[in-house]
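Work through the exercises below with the coordinates open. Each task is followed by a solution in steps.

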Amino acid sequence: MSDRPVVLETKNVVMRFGGLAAVNGFDIAVEQGRIVSLIGPNGAGKTTCFNIVTGFYRPTEGQVLFHGKDITGMKPHHVCAAGISRTFQNIRLFAGGSVLENVLVGCRVRQKAPWWMAPFPFPLYVREERQIREKALDLLAAVGLDKLAGEDATSLPYGAQRRLEIARALATEPSFLLLDEPAAGMNPQESSELMDFIRQIRDRFRLTILLIEHDMKVVMGISEHIWVLDYGVLIAQGNPQEIRSNPKVIEAYLGEEALQHA
Ligand SMILES: Nc1ncnc2c1ncn2[C@@H]1O[C@H](COP(=O)(O)OP(=O)(O)OP(=O)(O)O)[C@@H](O)[C@H]1O
């Protein structure tokens, strides 16, 4: 442990679906400003943990604390307003919306002017609309998509859609960002660029980042700390070097061959 404050903590979190304990005793503590990862085989319970932290699921047992405050079972939009944002394993952009519109939706989370002002030219509303638009365009520039602002979001290449999802998440002004398999479907060049990109946004937006990722080059290259889930149970945690050489992790997930390529 370092002297950095812990921003997100889960305490003995359990999630049962009928008879299945998808997550059983999930205890993590994430320090401010870190890039950390949650890894494990398919079906290990990783996305379920994300759904619990972001309020999509209320856990059967246990607690989620954000900056020491209990957010267990809080509704997703309240979790988002508290400063936690996420992307999804299966990209979820608004079909039919432009690239810019997708980011504007994220910006609205922080909008101050009430919704009923929209049909009228109130100065407060007009000024804020202009600021929101500028902010959305800035975010698109930060992820390299400003030139495509008017395009249909779902017509973008896969890697660009992932960056757009991140821009939309950033638009909600999070301090904590969860990325669910950001490198999925990327080639080695794209995933190497993704690592630089994740570090850049961490620094620029002063984020703490938790990712789920199967690409071991990305996980080992970017993570300061890693937790490993297997059948819903945490079987290991440590830095990349410790995880790489942990016999339990090699047996349950990594395998000798994957390690040689990571
Ligand atoms: N809403 C649900 N209802 C019932 N079972 C569920 C539900 N969500 C997840 N599960 C089950 O919980 C277990 C963990 O699923 P989860 O998606 O969290 O795993 P994962 O580690 O994210 O897997 P992957 O790497 O394939 O995305 C699986 O057995 C899954 O079928």
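## Exercise 1: Cysteines

A search of the whole structure, which is a predicted model, finds 0 disulfides.

Task. Explain why Cys80 is not in a disulfide, and decide whether Cys80 is buried or exposed.

Solution.
- Step 1. Take the cut-off: two cysteine sulfur atoms count as a disulfide within 2.5 Å.
- Step 2. Find the cysteine sulfur closest to that of Cys80; it belongs to Cys107 and lies 11 Å away, so the pair is too far apart for a bond.
- Step 3. Check from the other end: Cys107 is in no disulfide, and its nearest cysteine sulfur is that of Cys80, 11 Å away.
- Step 4. Apply the burial limit, under 20% relative accessible area. Cys80 has 14% and is therefore buried. Cys107 has 2% and is buried as well.

## Exercise 2: The open sheet

Task. Give the strand order of the open sheet of 6 strands, and state which strands stand at the edges.

Solution.
- Step 1. Follow the pairing from strand to strand: the order is β6-β7-β8-β3-β9-β10, and the pairing is mixed.
- Step 2. Look for strands with a single partner. These are β6 (84-86) and β10 (233-238), so each has one side without a neighbour in the sheet.
- Step 3. Compare strand directions, ignoring sense: neighbouring strands are turned by 20 degrees against each other on average.
- Step 4. Examine one pair inside the order. β3 (residues 35-39) and β8 (residues 208-212) run parallel and are joined by 4 bridges. Ile35 stands opposite Ile209 in β8.
- Step 5. Add the helices. Helix α5 (residues 158-171) lies across β6 and β7 (176-180), at about 155 degrees to β7. Helix α6 (residues 188-204) lies across β3, β7 and β8, at about 150 degrees to β8.

## Exercise 3: Strands β1, β2, β4 and β5

Task. Which residues are the bridge partners of Thr10 in β2 and in β4?

Solution.
- Step 1. Recall that strands of a sheet pair through backbone hydrogen bonds, either parallel or antiparallel.
- Step 2. Pair β1 (residues 6-17) with β2: the sense is antiparallel, over 9 bridges. In β2, Thr10 has Ile28 as its bridge partner.
- Step 3. Pair β1 with β4 (residues 61-66): 5 bridges join them, again running antiparallel. In β4, the partner of Thr10 is Val64.
- Step 4. Inspect the turn between β1 and β2. The two strands form a hairpin with 2 residues between them, and Gly18 in the turn has a positive phi of about 60 degrees.
- Step 5. Continue from β4 to β5 (residues 69-70), an antiparallel pair with 2 bridges. Phe66 stands opposite Lys69 in β5. This hairpin has 2 residues between its strands, with His67 in the turn at a positive phi of about 50 degrees.

## Exercise 4: Val23 and the ligand

Task. Which residues does Val23 touch, and which residues are closest to the ligand?

Solution.
- Step 1. Locate Val23 in strand β2 (residues 20-31). Its relative accessibility is 0%, so Val23 counts as buried.
- Step 2. Leave out residues up to four places away in sequence; Val23 then touches Val13, Val14, Met15, Gly45, Thr48, Cys49 and Gly232.
- Step 3. Turn to the ligand. It is surrounded by 15 residues, the closest being Gly43, Gly45, Lys46, Thr47 and Thr48.
- Step 4. Read off backbone distances. A ligand oxygen atom is 2.8 Å from a polar backbone atom of Gly43, and for Gly45 such a distance is 2.9 Å. For Ala44 a distance of this kind is 3.1 Å.
- Step 5. Relate Ala44 to Val23: their C-alpha atoms are separated by 7.9 Å, with the two positions 21 residues apart along the chain numbering.

How values were computed: Residues are numbered from 1 along each chain as its sequence is written. This is a predicted model: local features need pLDDT of at least 70, side-chain atom pairs count only at pLDDT 80 or more; totals for chains, interfaces and linings use all residues. Side-chain values use heavy atoms; hydrogens and water are left out. Buried means under 20% relative accessible area, exposed over 50%, partly exposed in between (1.4 Å probe, protein chains only). Two strands pair if DSSP finds at least two bridges between them. Axes are lines fitted to C-alpha atoms, for helices over the stretch in contact, and angles run from 0 to 180 degrees between N-to-C directions. Contact means heavy atoms within 4.5 Å. A residue is near a molecule or strand if one of its heavy atoms lies within 4 Å of it. A polar contact is a pair of N or O atoms within 3.5 Å; within protein, one must be able to donate a hydrogen and the other to accept it, and residues adjacent in sequence count only if both atoms are side-chain atoms.
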